[in-house]
Amino acid sequence: MLLTEGSVARAARRLRLSPSAMSRALARLRETTGDPLLVRAGRGLVPTPRALELREQVGRIVEDAQAVLRPAKALDLDRLVRTFTLRTSEGFVENFGPQLIERLHRQAPGVRLRFMQKPDKDSAPLRDGTVDLETGVVDKATGPEVRTQALFRDRFIGVVRMGHPLCQGEMTPSRYTAGRHISVSRRGRDKGLIDDALAVLGLERRIVTIVGGFSTALALARASDLIASVPERHTEALRVGMHSFPLPVSTPDITVSLLWHPRMDADPAHRWLRACVRDACAAIG
């Protein structure tokens, strides 16, 4: 402003400062740059060569800053080129992945999805940006700052191979517990919600193997007489050709949610991706 006006008084008026405040600002600039910047010429001030050089450099910096702070342009999906990383529980990709990938391809051909397995509920990958989105059940292990939105509710069901004795007849707690069971636990635990519900009735499942994921449990059940107990919606695509039945005990429904870090809240492409995941999950149910 000083260089444009060539006058401390006029520059002060334009910036709504007092002449003395503007003079002090000029003094600080002279001390910082080691150059007088403006020198007396008649009744006005003229810039030194160093001042003219700085004006050009500062002008570019101001323009760059304005560009950075300018509101984001409308999202152009046709030109969007980006790779998003989704960390999901086992079964999510098999069940919802095809619908989600096709939806993204139709709307934004330049977008690519990278799916990662979810071995735990640590929120660190969301915090450090290695993961854009995550799906799962929110609990105490979820980071307090993480944003969440419910995708769908699910319930546990029993699954056996076609031709299994449990395909026929009434399903009772005693028939269910009399079979040999697969327990699914990422931490290797052999007890869970189903076992708590059975314990109220004085019953206990016979757990013969513990696996880390639903697809493994269903693969074992498909090839043997073992019984797998898995979430219904989460594993629909994995259970094709198998016999499913409601559990003979009451267990709480689970809510599968979408999780992301708050710094991605306002990002237009990220908001679009979240909507696509919600739509893909709603389309299958």
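A cavity is a set of grid points where a 1.4 Å probe fits but cannot get out. This model is predicted, and the structure holds one cavity of 30 Å³ or more. About 50 Å³ of space lies in the largest cavity. Its lining includes Lys118, Lys121, Ser123, Leu126 and Glu134. Gly136, Val137, Val138, Thr142 and Leu259 line the largest cavity too. By class, four of the lining residues are nonpolar, three are polar and three are charged.

Next come the open spaces. The largest pocket has a volume of about 1300 Å³. It is lined by 38 residues, and the closest to its centre are Phe156, Val184, Ser185, Arg186 and Phe214. Several elements give two or more residues to this lining: helix 5, strand 4, strand 8 (180-184), helix 8 (193-200), strand 10 (227-231) and strand 12. The lining of the largest pocket is mixed in class, with 14 nonpolar, 12 polar and 12 charged residues.

Helix 8 is worth a stop. Leu193 lies in this helix. Is Leu193 buried or partly exposed? Its relative accessible area is 41%, so Leu193 counts as partly exposed. Leu193 and Phe156 are 37 residues apart in sequence. In space, their C-alpha atoms are 9.4 Å apart.

Now turn to the packed interior. The largest nonpolar core has 26 residues. Those with the most contacts inside this core are Phe84, Leu86, Leu100, Leu104, Trp272, Leu273 and Val277. Which elements each supply at least two residues of the core? Among the strands, they are strand 3 (82-88), strand 4 (111-117), strand 6 (147-154) and strand 12 (254-260). The helices are helix 5 (92-107) and helix 10 (268-283). Helix 10 gives the most to this core, with seven residues.

Leu104 offers a view from inside the core. Leave aside its neighbours within four places in sequence. Leu104 is then in contact with Pro109, Val111, Leu113, Trp272, Leu273 and Cys276. Apart from the largest core lies another, of 14 residues. Leu166, Met171, Tyr176 and Val249 are among the residues of that second core.

Cys276 leads on to the cysteines. A disulfide is a covalent bond between the sulfur atoms of two cysteines. How many disulfides are there? The count comes to zero. Cys276 is in no disulfide, and the nearest cysteine sulfur, that of Cys281, is 11 Å away. Why is Cys281 not bonded to Cys276? The closest cysteine sulfur to that of Cys281 is in Cys276, and the 11 Å between them is too far for a bond. A disulfide calls for sulfur atoms within 2.5 Å. Cys276 is buried, because its relative accessible area is 2%. Cys281 also counts as buried, because its relative accessibility is 1%. The cut-off for buried is under 20%.

One last stop is Arg10. This residue has its place in helix 2 (residues 8-15). With a relative accessible area of 37%, Arg10 is partly exposed. How far apart in space are Arg10 and Arg263? They are 42 Å apart, C-alpha to C-alpha. In sequence, 253 residues separate Arg10 and Arg263.

Note on methods
Residues numbered from 1 in each chain as written. Predicted model: local features only at pLDDT ≥ 70, side-chain atom pairs only at ≥ 80, totals over all residues. Heavy atoms only, no water. Core = buried A, V, L, I, M, F, W, Y, C linked by side-chain atoms within 4.5 Å. Buried < 20%, exposed > 50% of the residue type's maximum accessible area, 1.4 Å probe, protein only. Helix = DSSP H or I, 4+ residues; strand = E, 2+ residues; numbered from the N terminus. Contact = heavy atoms within 4.5 Å. 1 Å grid on protein atoms, 1.4 Å probe; cavity = no way out; pocket = protein on both sides within 12 Å on 5 of 7 lines; lining within 4 Å. Points joined across faces, edges and corners; volume = space filled by probe spheres on them. Nonpolar A, V, L, I, M, F, W, Y, C, P; charged D, E, K, R; others polar.
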